[in-house]
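Welcome to this short briefing. Take a look at the chain below, and then we can walk through a few of its features together.

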Amino acid sequence: MSGETDLKTLLQSLHPVARDGDYVYALWPHGRPLEGGIEAAVREAEGLTVVLRRDEADALGLSYDFVASWITLQVHSALEAVGLTAAVSAALTHAGISCNVLAGFHHDHLLVPSADAGRAMDVLRLLGKGLVLRSERPEDRAEILELTAQAFSVSPVTGEPVDGVPIEAGLLRKLFECPEYLPEFSIVAEMGGEIVGHAISTRGWIGDLELLGLGPIGVLPAFQKRGVGSALMRETTARATAAGEPGIALLGSPLYYMRFGYVPAASVGVQPPEAMWGDHFQLLTLPAWPDDVRGTFRYAGPFSGL
């Protein structure tokens, strides 16, 4: 059976599957006969590199540094197919995940850091839908502002069409220029080269404690309820956790955001900037959250003008 060569079909048919256990790269001792469950090997001028399960390497007394999860792309890609490796590598690079690729006759195999395996699987599933998450670039801003205006053209509060430019688009324009702007937390969702979603988190405070204030988050109407917003939420959480941020605050529907781990901020001792917000003002505590935090949350400057 010949392999698939069409890139669009390949991406839509990735079907990533993670193997159980951890895998490592090791340099095989010169002159030692091969033994054990070696999964792959590459001969170089400097010696023989082998890939095998971590427990096998330990039993054989081999040294290693990189501990990986093994993900197989179940699509049968032709060896002469163009673009699959580049697309997968670019998507994982945008997510800050390193990747080593092994090409077999039937499938491509990815070895990613074990700690990033879950995120890598999420990225690959989204890539199968044609969705890539990356940091915003300055040249994206006009497209993002137009996207935000479309996303909020119907008020999420009243359900009625908005006259003029939605306040969320005006707020976002100011957030791009304010001192509290954090470029690594301005994230776009891109599909087929078009930006279809955007989420921004800016610096906020509870007293002297720095954390993030999420919003606005917008998705083009035609792409809503297709997982784009959820992907942006999860990516924001992953980046915040990796950066050592203690928590993320937002204003929104408790029923929607609870699925991402958010709770009413007052339940963890944090009060909203406006008392009337009540349980709609929510907080996600991250591993760096300190004990006994109490106080009122303060958003970036542009929020005070709303």
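Let's begin with a sheet contact: β10 and strand β16 (residues 295-298) pair in the antiparallel sense, with two bridges between them. Please keep in mind that this is a predicted model. From β10 we go on to helix α7, then to the salt bridges, and finally to the cysteines.

**Strand β10 and its partners**

- Within the pairing of β10 and β16, W205 stands opposite R298 of β16.
- Strand β9 (residues 186-191) is also a partner of β10, again antiparallel, and six bridges connect the two.
- One place to look for this pairing is I187, whose bridge partner in β10 is A199.
- Strand β11 (residues 209-219) runs antiparallel to β10 as well, and nine bridges join the two strands.
- On that side, G204 faces L211, which belongs to β11.
- β10 and β11 form a hairpin with two residues between the strands, and G207 there takes a positive phi near 60 degrees.
- How much of β10 is covered? Strand β10 spans residues 194-206 and is mostly covered, with 12 of its 13 residues buried.

**Helix α7**

- Helix α7 covers residues 228-242, and its 15 residues should span 21 Å at 1.5 Å a residue, because the expected span counts one less than the number of residues.
- The end C-alpha atoms of α7 lie 21 Å apart, in agreement with that expectation.
- Is α7 mostly covered or mostly open? The helix is mostly covered: 12 of its 15 residues are buried.
- Among the buried residues of α7 are V228, G229, S230, A231, L232 and M233, and the buried set also includes the charged pair E235 and R239.
- As a reminder, an α-helix has 3.6 residues a turn, so residues three or four places apart point the same way.
- Just after α7 comes G244, with a positive phi of about 80 degrees.

**Salt bridges between helices**

- How many salt bridges does the structure hold? There are 14.
- In one of them, the side chain of E235 meets that of R119, at 3.5 Å from N to O.
- This pair links distant parts of the chain, since E235 sits in helix α7 and R119 in helix α4 (residues 117-128), 116 residues apart.
- E235 has a relative accessibility of 5%, which is under 20%, so E235 counts as buried.
- R119, at 24% relative accessibility, counts as partly exposed because this value falls between 20% and 50%.
- Another salt bridge joins the side chains of R141 and E177, with 3.3 Å from N to O.
- Because R141 lies in helix α5 (residues 141-151) and E177 in helix α6 (residues 167-177), the pair ties together parts that are 36 residues apart in sequence.
- E177 has 61% relative accessibility, which is over 50%, so E177 counts as exposed.
- Salt bridges that share partners also join R119, E235 and R239 into one network.

**E136 and its surroundings**

- Where does E136 sit? E136 is in the loop between β8 (131-135) and α5.
- E136 forms a salt bridge with R141, and the closest N and O atoms are 2.9 Å apart.
- The side chains of these two residues also make a polar contact, at 2.9 Å.
- Is E136 buried or exposed? With a relative accessible area of 7%, E136 is buried.
- R141 has a relative accessible area of 18%, which is under 20%, so R141 is buried too.
- Leaving aside residues up to four places away in sequence, E136 touches R141, I144, F176, Y181, S186, I187 and V188.
- One of these contacts, I187, leads back to β10 through its bridge partner A199.

**Cysteines**

- How many disulfides does the structure hold? The count is zero.
- A disulfide is a covalent bond between the sulfur atoms of two cysteines.
- C99 has a relative accessible area of 23%, so C99 is partly exposed, as this lies between 20% and 50%.
- C178, at 11% relative accessibility, counts as buried because the value is under 20%.

How values were computed: Residues numbered from 1 in each chain as written. Predicted model: local features only at pLDDT ≥ 70, side-chain atom pairs only at ≥ 80, totals over all residues. Heavy atoms only, no water. Helix = DSSP H or I, 4+ residues; strand = E, 2+ residues; numbered from the N terminus. Buried < 20%, exposed > 50% of the residue type's maximum accessible area, 1.4 Å probe, protein only. Disulfide = S-S within 2.5 Å. Salt bridge = Lys/Arg side-chain N within 4 Å of Asp/Glu carboxyl O. Pairing = 2+ DSSP bridges. Polar contact = N/O pair within 3.5 Å; in protein donor to acceptor, adjacent residues only side chain to side chain. Contact = heavy atoms within 4.5 Å.
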